[in-house]
Amino acid sequence: MNALKFVALAVVVFILSQLNQWDILDKVFFALVGLLLVAKLWSRFSLAGLNLIRDTKTDRAQVGQPLLERVRVTNESRLAKLFVEVIDHSDLPGHRVSKVVHLRPNDSTRWRVESICARRGRFRIGPMTLRSGDPFGLFPTEKFVPDTHELLVYPATVDLSAFALPVGELPGGTAIQRRTPFVTPNASSVRDYFPGDAFNRIAWSATARAGKLMVKEFEIDPTADIWIVVDLEGRVQAGTSGLAALPTFSNGEVPLSFWLDSTEEYAVTIAASLARHFLSQNRNVGLIASSRQMISIPTDRGGRQMLKILEQLAVARADGDTPFGELLVAEGAQFGRNSTVIAVTSSTEEEWVQSLISIVSRRVQCVGVVIEPSTFGAGESSLFVVSGLASVGVPTYLVKYGDDISRSLASYAATAGGKAVPV
């Protein structure tokens with residue numbers, strides 16, 4: 001557009017010079033034409049010989065953690081680059097790589113960008129555009145760099161070592177005191193080491209006290225399966241899930257509470273934290289979530305199970321249309337007497353309470369984690385839901401906006417029908 005205006009100006013000057021026979025206008029016209037030619041030639045070579053390399057150290061990150069990226073622009077030409085605008089098209093919130101650089105002949109420049117991963121999800125890093133032109137802005141030119149890669153940001157997790165869980169039952173009765181050759185979270189005693197014992201069973205503290213190798217004896221895990229059921233129905237969510245401006249914190253760390261701005265984010269963070277807590281205890285953990293595409297991960301244990309759960313929760317959105325009560329009824333057949341169901345929801349509808357009570361009536365241990373929607377500026381109070389669960393002895397944790405999840409899930413009011421023990 002600027003070039004067209006400049007050409008129009010040159011035409012007007014030429015016409016005036018012909019009409020008035022002024023030599024000064026002839027000189028101005030030739031000066032304008034020369035300037036156009038120089039600007040066009042300058043623009044043509046403004047991006048010649050430029051190479052761009054960006055290096056991202058990882059393709060996995062977690063909410064609240066920094067993402068480090070290095071960018072390098074090299075000028076392999078013999079001509080200097082007065083200015084080069086590097087424009088990044090990544091969709092990772094808060095990730096600002098764009099910059100304007102100046103390069104001498106056969107020169108290079110590099111910079112590093114450290115951004116806080118603000119949102120869970122799957123994001124695209126790249127592509128980029130190099131933009132330059134002549135000093136007068138008449139002929140801007142661009143060079144597209146299509147290189148991209150995917151970044152998966154896991155939800156944040158918090159320490160839930162103080163979380164209390166009711167003791168489940170095995171098919172043969174309550175917590176069976178019986179030794180097992182497998183490693184479980186329940187170490188009952190120690191004994192002398194015998195050749196053939198696995199090294200991961202050695203009790204190092206007991207070995208130090210006794211002056212000889214001692215190994216742990218384990219009992220059958222009284223709570224076999226943990227099912228985490230997350231309510232991601234869009235209709236019952238509250239809060240605004242959007243990226244606010246990132247403030248500057250004195251210690252350089254961003255607290256987790258900054259990202260927890262909706263019931264959806266609280267639910268996903270709680271589910272991920274519960275999964276990490278129980279999997280670190282070598283328990284079988286499964287996940288069910290009612291997003292638009294139903295998430296159902298069978299119970300398993302180990303690091304691979306944790307990755308499966310994190311990957312699903314990273315992209316899960318509260319866009320489902322299945323009421324939580326219907327979800328519990330539909331999936332209830334998977335829960336047996338050797339299972340513990342942890343229901344995570346922000347729904348204030350009493351229908352899901354009745355569905356959970358029907359599961360409890362089959363002697364399945366259940367725990368409720370209720371995220372209070374009224375504290376997020378929308379929704380009704382969950383008082384009737386909590387009282388309904390308490391009436392049948394279901395341990396219930398109430399989480400409000402701004403609460404520390406570790407503290408909120410550390411204790412609850414014991415009810416007559418259930419007993420809580422640390423796990």
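**Exercise 1. Determine which residue of strand 3 stands opposite Leu50, and place the two strands in their sheet.**

Solution. Begin with the pair itself: Leu50 stands opposite Asn75, a residue of strand 3. Strands here are DSSP runs of E with at least two residues, helices are runs of H or I with at least four residues, and both are numbered from the N terminus. Next, take the pairing between the strands: strand 1 and strand 3 (residues 66–75) run antiparallel and are joined by seven bridges, where two strands count as paired if DSSP finds at least two bridges between them. Then widen the view to the sheet, which is open, has three strands in the order 1-3-6, and shows antiparallel pairing. Its edge strands are strand 1 (50–56) and strand 6 (108–116), each of which pairs on one side only. From one strand to the next, the twist averages 15°, taken between lines fitted to C-alpha atoms, with angles running from 0 to 180 degrees between N-to-C directions.

The model is predicted, so local features need pLDDT of at least 70 and side-chain atom pairs count only at pLDDT 80 or more, whereas totals for chains, interfaces and linings use all residues. Residues are numbered from 1 along each chain as its sequence is written, and side-chain values use heavy atoms, with hydrogens and water left out.

**Exercise 2. Check the length of helix 2 against its expected span, and list its buried residues.**

Solution. The expected span of a helix is 1.5 Å times one less than its number of residues. Helix 2 covers residues 23–45, so its 23 residues should span 33 Å, and the 34 Å between its end C-alpha atoms agrees with this. For burial, the classes are buried (under 20% relative accessible area), exposed (over 50%) and partly exposed in between, with a 1.4 Å probe and protein chains only. The buried residues of helix 2 include Leu25, Phe29, Leu32, Leu36, Ala39 and Ser43. An α-helix has 3.6 residues a turn, so residues three or four places apart point the same way. Phe29 can also be related to Val11, a residue of helix 1 (residues 2–20): the two lie 18 residues apart along the chain, and their C-alpha atoms are separated by 8.0 Å. Val11 itself is partly exposed, at a relative accessible area of 42%.

**Exercise 3. Describe the surroundings of Glu372.**

Solution. First locate Glu372, which is found in the loop between strand 19 (365–371) and helix 8 (383–391). Then classify it: with a relative accessible area of 6%, Glu372 is buried. Leaving aside neighbours within four places in sequence, its contacts (heavy atoms within 4.5 Å) are Glu380, Ser381, Ser382, Leu398, Val399 and Lys400. With Ser382 there is a polar contact from side chain to side chain at 2.6 Å; the term denotes a pair of N or O atoms within 3.5 Å, where within protein one must be able to donate a hydrogen and the other to accept it, and residues adjacent in sequence count only if both atoms are side-chain atoms.

**Exercise 4. Describe Thr129 in the same way.**

Solution. Thr129 is found in strand 8 (residues 128–132), and at 7% relative accessibility it counts as buried. Its side chain makes a polar contact of 2.7 Å with the side chain of His89. Beyond four places in sequence, the residues in contact with Thr129 include Glu85, Val86, Ile87, Glu142, Lys143 and Phe144.
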